[in-house]
Amino acid sequence: YSAQVTETVRTSGLGAARGAGFRRRSFVCAAATSGTMVEGHGVHRVAQRHRRLLLGKVFKATSPNGRFAQGAKLIDDRTLSRIEAIGKNLFYFWGDCRDGGKNTTVVHIHFGMSGQFKTAGFGKLEATKNTRLELASESDDIVAHLSAMTVNHGDMEFYDKKVKALGQDPLREDADADLVWEAFKKSRKSVGMLLMDQSVIAGLGNIYRAEVLFKAGLHPETPGASIDHETFMNVWQISKDFLRRGVETGSILTVDPQEAKVLGPPWTRRYIYNHSQCGRCGTRVKTWDMAGRTVYACVKCQPLESTLDPPRKKQLAKAKGHVPFVSHCAPEPRQAASALDAALEKVSAGEKRNVEHVALVEESTLELAELSWLKVKELKTKLSDLDLPTSGKKEELLKRLVKHRPGKIPFKRRR
């Protein structure tokens with residue numbers, strides 16, 4: 001996390017008995033930090049902290065940059081009564097829950113690539129041009145600033161519609177694995193595609209996909225409808241276990257602690273993501289494209305036992321041995337990274353528009369998310385117009401363009 005907050009905590013820890021002493025402690029709290037991808041576990045961590053810090057309070061709500069003015073007006077001077085996290089989405093409810101939600105205003109948040117929800121002592125935060133919502137309470141000595149890709153609002157019907165479009169979140173107590181199982185049985189997609197489909201399972205991202213399928217021994221191209229119920233439940237339980245560990249630790253740590261001691265570096269944190277070799281068998285890790293995202297597999301530990309259709313067979317034939325990179329999306333401990341580097345990493349990996357899934361706090365990444373749609377020829381034209389060098393690979397052109405004129409480069413969004 002990346003912003004200072006002051007929180008009242010029990011001196012004897014989270015499990016302290018009622019009546020234990022209290023003291024003031026400084027914490028760092030925000031939705032995302034440089035070098036971190038906001039996946040389901042990160043969103044749930046934000047929800048947990050905000051339930052402790054913000055729930056039940058009344059705020060003066062404003063929109064510093066004017067992009068959420070109407071929504072801020074609706075929740076101004078009203079009680080924050082409920083917070084829900086579903087996958088990568090947050091929902092904040094304003095109003096008296098006892099009226100059945102008739103007058104409730106729901107704010108929906110998706111951090112996207114540049115999201116942040118900071119909290120601090122009253123008057124301790126300064127709004128930026130990206131701050132869409134400010135919540136302030138002088139009496140409670142707290143202020144919160146929100147910047148995110150998606151911030152919109154509506155009533156309970158709006159909330160119900162949003163929830164209906166989302167899949168089951170393994171971290172939620174009300175998650176129904178049977179609904180996910182039905183989706184698998186009816187789908188023509190591969191398990192690799194289904195795990196990334198937020199309308200099926202909400203909260204998993206590319207790193208979790210690689211790790212879940214490796215531990216389950218499933219090849220990413222395996223048709224979802226071809227696996228049996230026992231195999232599916234294993235995938236579901238692994239997903240739940242990994243996400244829960246993420247909530248507890250704040251990191252994507254998928255290797256079981258005891259096995260980490262056996263495997264040793266570099267397999268102490270993740271089994272297969274961004275590794276050149278499988279830590280268990282030594283086989284070269286293969287990567288290829290799946291719907292614009294890089295997918296990983298150890299062909300020995302994850303054998304493909306199904307026949308693929310020609311398009312997928314052709315794509316799989318392009319699989320190559322993975323060459324590890326300095327990961328800014330899932331950095332090793334103490335590894336510094338900029339938001340721009342993390343987003344460029346995804347462009348370099350061929351993930352194009354999916355840089356929007358890197359939830360980092362830098363204005364330049366917003367620009368990159370749009371520019372990544374452009375072809376090399378179009379990028380060179382823009383660079384030439386700015387009298388900048390036009391040589392290099394696409395990621396080099398993007399970085400040069402963004403760094404010289406962040407937020408000021410005209411573009412047309414591709415449809």
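Modeller: Before we look at helix packing, one convention: contact means heavy atoms within 4.5 Å. Keep in mind that this is a predicted model.

Colleague: Okay, so which strands does helix H1 lie across?

Modeller: H1, residues 40-53, lies across S4 and S5. Against S4, the helix runs at about 165 degrees.

Colleague: And how do I read the sheet itself? In what order do the four strands come?

Modeller: General idea: strands in a sheet pair through backbone hydrogen bonds, either parallel or antiparallel. Here the sheet is open, with the order S4-S5-S6-S10 and antiparallel pairing. S4 (80-86) and S10 sit at the edges with a single partner strand each, so one side of each has no neighbour in the sheet. From one strand to the next, the twist averages 20 degrees.

Colleague: How many bridges join S6 to S5, and how many join S6 to S10?

Modeller: Six bridges link S5 (residues 89-94) with S6, and five link S6 with S10 (residues 150-154). For a concrete spot, try His-110 in S6: it is the bridge partner of Asn-89, and the bridge partner of His-110 in S10 is Thr-150.

Colleague: Nice, I can follow that across. Why is S6 largely enclosed?

Modeller: Look at burial, where a residue counts as buried under 20% relative accessible area. Five of the six residues in S6 (residues 105-110) are buried, so the rest of the structure largely encloses that strand.

Terms used: Residues are numbered from 1 along each chain as its sequence is written. This is a predicted model: local features need pLDDT of at least 70, side-chain atom pairs count only at pLDDT 80 or more; totals for chains, interfaces and linings use all residues. Side-chain values use heavy atoms; hydrogens and water are left out. Buried means under 20% relative accessible area, exposed over 50%, partly exposed in between (1.4 Å probe, protein chains only). Helices (H or I, at least four residues) and strands (E, at least two) are DSSP runs, numbered from the N terminus. Two strands pair if DSSP finds at least two bridges between them. Axes are lines fitted to C-alpha atoms, for helices over the stretch in contact, and angles run from 0 to 180 degrees between N-to-C directions.
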